[in-house]
Amino acid sequence: SLWGPRGGETFEVSQSISIRWTKTGAGSVGVDLYKSGVFHYRIADETDKYKQNATGVEWTPHDTLPDSSEYQIKLISPNDSTVNDISDYYFSITDSG
């Protein structure tokens, strides 16, 4: 299950964000970014690089990402329906410039 970011945090564009989850199983994990409850884009594909037995991934938002206080991270797994978790609350990504 997802344990970071859970919501309430504020990040700046070009700041590395640690996306962390609990180790479970060995299948692949996809990491998606949602904005205002709607899929925005895929951060990490469902590949062997991101396994359920890993603990996470580092992600740096690109500078074209729109400022918003309504972002969430969602974890999914194509081979394990129990891997389906989303940030409890929205977090913010802003452009400091």
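Begin by selecting strands S4 and S7, which pair in the antiparallel sense over six bridges. The model on display is a predicted one. Within this pairing, locate Gly-30, which stands opposite Ile-76 in S7.

**Strand S7 and its other partners**

Keep S7 selected and add strand S8, residues 84–86. Three bridges join S7 to S8, and the two run antiparallel. On this side, Ile-76 stands opposite Asn-84 in S8. Ile-76 is therefore a useful residue to label, since Gly-30 stands opposite Ile-76 and Asn-84 in S8 does so as well.

Next, add S9. The pairing of S7 with S9 is antiparallel and comprises two bridges. To find one of the paired positions, select Ser-68, whose bridge partner in S9 is Ile-93.

Why is S7 largely enclosed by the rest of the structure? Seven of the nine residues of S7 are buried, so the surrounding structure largely encloses this strand.

**The whole chain**

Now display the entire protein as a ribbon. How many helices and how many strands does the secondary structure contain? There are zero helices and nine strands, and the order from the N terminus is accordingly β-β-β-β-β-β-β-β-β. Colouring by burial shows that buried residues make up 40% of the 97 residues. With a surface displayed, the exposed area is about 5200 Å², of which carbon and sulfur atoms supply 46%. A contact map may be opened alongside: among contacts with a separation of 6 or more, 63% are between residues 24 or more positions apart.

**The nonpolar core**

Hide the surface and select Ile-19, Val-31, Leu-33, Ile-43, Trp-59, Ile-73 and Ile-93 as sticks. These are the residues with the most contacts inside the largest nonpolar core, which has 20 residues. The strands that each supply at least two residues of this core are S3 (17–21), S4 (28–35), S5 (38–51), S6 (56–59), S7 (68–76) and S9 (91–94).

Centre the view on Trp-59. Leaving aside neighbours within four places in sequence, Trp-59 is in contact with Gln-15, Ser-16, Ile-17, Ile-19, Leu-33, Tyr-41, Ile-43, Leu-65 and Ile-93. One of these, Ile-17, is also the bridge partner of Trp-59 in S6.

**Strand S3 and its two faces**

From Ile-17, extend the selection to the whole of S3. In a regular strand the side chains alternate between the two faces of the sheet. In S3, Ile-17, Ile-19 and Trp-21 form the covered face, whereas Ser-18 and Arg-20 form the uncovered one.

Two strands are then to be added around S3. The first addition is S6, which pairs with S3 in the antiparallel sense over four bridges. The second is strand S1, residues 2–4, whose antiparallel pairing with S3 comprises two bridges. Here Leu-2 has Trp-21 of S3 as its bridge partner.

**The aromatic cluster**

Select Phe-11, Tyr-71 and Phe-91, which form one aromatic cluster. The protein has four aromatic pairs in the count. The ring centres of Phe-11 and Phe-91 are 5.7 Å apart and the planes stand at 85°, so this pair is edge-to-face. Because Phe-11 lies in strand S2 (residues 10–12) and Phe-91 in strand S9, the pair ties together parts that are 80 residues apart in sequence. Both Phe-11 and Phe-91 are buried.

**Thr-10, beside Phe-11 in sequence**

Move to Thr-10, also found in strand S2. Is Thr-10 buried or exposed? Its relative accessibility is 55%, so Thr-10 counts as exposed; the cut-off for that class is over 50%. A distance monitor from Thr-10 to Phe-91 gives 5.9 Å between the C-alpha atoms, although the two are 81 residues apart along the chain. Beyond the neighbours within four places in sequence, the contacts of Thr-10 are Gln-15, Ser-92 and Thr-94.

**Last stop: Ser-28**

Return to strand S4, where Ser-28 has its place. At 7% relative accessibility, Ser-28 counts as buried, the limit being under 20%. Finally, set a distance monitor between Ser-28 and Asp-80: their C-alpha atoms are separated by 8.7 Å, and the two residues are 52 apart along the chain.

Definitions and conventions. Residues numbered from 1 in each chain as written. Predicted model: local features only at pLDDT ≥ 70, side-chain atom pairs only at ≥ 80, totals over all residues. Heavy atoms only, no water. Core = buried A, V, L, I, M, F, W, Y, C linked by side-chain atoms within 4.5 Å. Buried < 20%, exposed > 50% of the residue type's maximum accessible area, 1.4 Å probe, protein only. Contact = heavy atoms within 4.5 Å. Areas by Shrake-Rupley, 256 points an atom, 1.4 Å probe, with all protein chains shown as cover. Pairing = 2+ DSSP bridges. Phe/Tyr/Trp six-rings, centres within 6.5 Å; stacked < 30°, edge-to-face > 60°.
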